[in-house]
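Reader: I would like to go through the assignments in this model one at a time. For each, please set the value against the rule behind it.

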Amino acid sequence: MNSAQRHEVFVRLRSANPEPATELAYATNFQLLIAVILSAQATDKSVNLATGKLFADAPTAQAILALGEDGLAGYINRIGLHQTKARNIIATCRQLLDLHGGEVPPSRAALEALPGVGRKTANVVLNTAFGEATIAVDTHIFRVANRTGLAAGKTPLAVERELLKVVPEEFKLSAHHWLILHGRYVCKARRPDCWRCAIADLCAWPEKTVDPYAVPER
């Protein structure tokens, strides 16, 4: 995919969704951080179901820390790896209170020092909470970038670095949201909906699918 095609990809994605946003439900930067930690290997829907009750009862780092691991686990036990996530979240809350006054720090180094927070989680928080033009590469973005030819790479970090190089500056802030939503709802893993894809003619993937409900021409 050349630079003109990449630009057109984002023109079309922006036209379809001018103000993309995360589908995680949150009211504060702290709640966003917790939701993103919980979202690893889980759907946003399952996370929102859990955090709806959790954040109503314990909306702050101090309140979640007071629950303890077992108390927190009771809220998130339907989410994958909930015991590990509960342990990490309690440790993160303690660290936020001890080092950052209970607030989410706006630096990558400080975020990645929190238990359970890796590069992808830090990128989401930096982008969504603090308006940094980062691109968090999850399985959806990794697939879309490689499949379409937008940005090839063998690892999420390689794809992230390539996207940061090739995504036009005017689209970089929202690129993460456009690509993840496109991968989640259109460019799906097993059978992408190529017939309703806004960028199908720009996509390099050779195995494009057709509308299963289309009436064949006679």
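Reader: Why is Cys187 called buried?

Author: Buried means under 20% relative accessible area, exposed over 50%, and partly exposed in between, with a 1.4 Å probe and protein chains only. Cys187 has a relative accessible area of 8%, so Cys187 is buried. This is a predicted model, in which local features need pLDDT of at least 70 and side-chain atom pairs count only at pLDDT 80 or more, while totals for chains, interfaces and linings use all residues. Residues are numbered from 1 along each chain as its sequence is written, and side-chain values use heavy atoms, with hydrogens and water left out.

Reader: What makes Cys197 buried or exposed?

Author: Its relative accessibility is 18%, so Cys197 counts as buried.

Reader: Why is Cys187 not given a disulfide with Cys203?

Author: A disulfide is a pair of cysteine sulfur atoms within 2.5 Å. Cys203 holds the closest cysteine sulfur to that of Cys187, and the distance is 6.2 Å, therefore too far for a bond. For Cys197 the closest cysteine sulfur is in Cys194, at 6.5 Å, which is also too far for a bond. The count of disulfides by this rule is zero.

Reader: What lies around these cysteines, and how is a cavity told from a pocket?

Author: On a 1 Å grid over the protein atoms alone, a cavity is a set of points where a 1.4 Å probe fits but cannot get out; a pocket is an open set with protein on both sides within 12 Å along at least five of seven lines. Lining residues have an atom within 4 Å of a point. Grid points are joined across faces, edges and corners, and a volume is the space filled by probe spheres set on the points. One cavity of 30 Å³ or more is counted, and the largest cavity holds about 100 Å³. Its lining has 14 residues, with Cys187, Pro192, Cys194, Cys197 and Cys203 nearest the centre.

Reader: Which residues line the second largest pocket?

Author: They are Arg12, Leu13, Ala16, Asn17, Trp178, Leu181, His182, Val186, Arg196, Cys197 and Ala198. Two or more of the lining residues come from each of α1 (3-16) and α10. Helices (H or I, at least four residues) and strands (E, at least two) are DSSP runs, numbered from the N terminus. The space in this pocket is about 200 Å³.

Reader: Which helix gives the most to the lining of the largest pocket?

Author: That is α10, with five residues. The largest pocket contains about 450 Å³ of space and has 22 lining residues, among them Ser39, Asp44 and Arg184.

Reader: How do you know that the length of α7 agrees with its number of residues?

Author: The expected span of a helix is 1.5 Å times one less than its number of residues. For the 12 residues of α7 that should be 16 Å, and the end C-alpha atoms are 15 Å apart, so the span agrees. The buried residues of α7, including Asn123 and Leu126, pack against α2 (29-38), α6 (108-112), α9 (156-166) and α10. Contact means heavy atoms within 4.5 Å. Gly131 follows α7 and has a positive phi, near 70 degrees.

Reader: Why is Leu67 called partly exposed?

Author: Its relative accessible area is 27%, so Leu67 is partly exposed. Leu67 lies in helix α4 (residues 61-76). Leaving aside residues up to four places away in sequence, Leu67 touches Leu54, Ala58, Leu72 and Tyr75.
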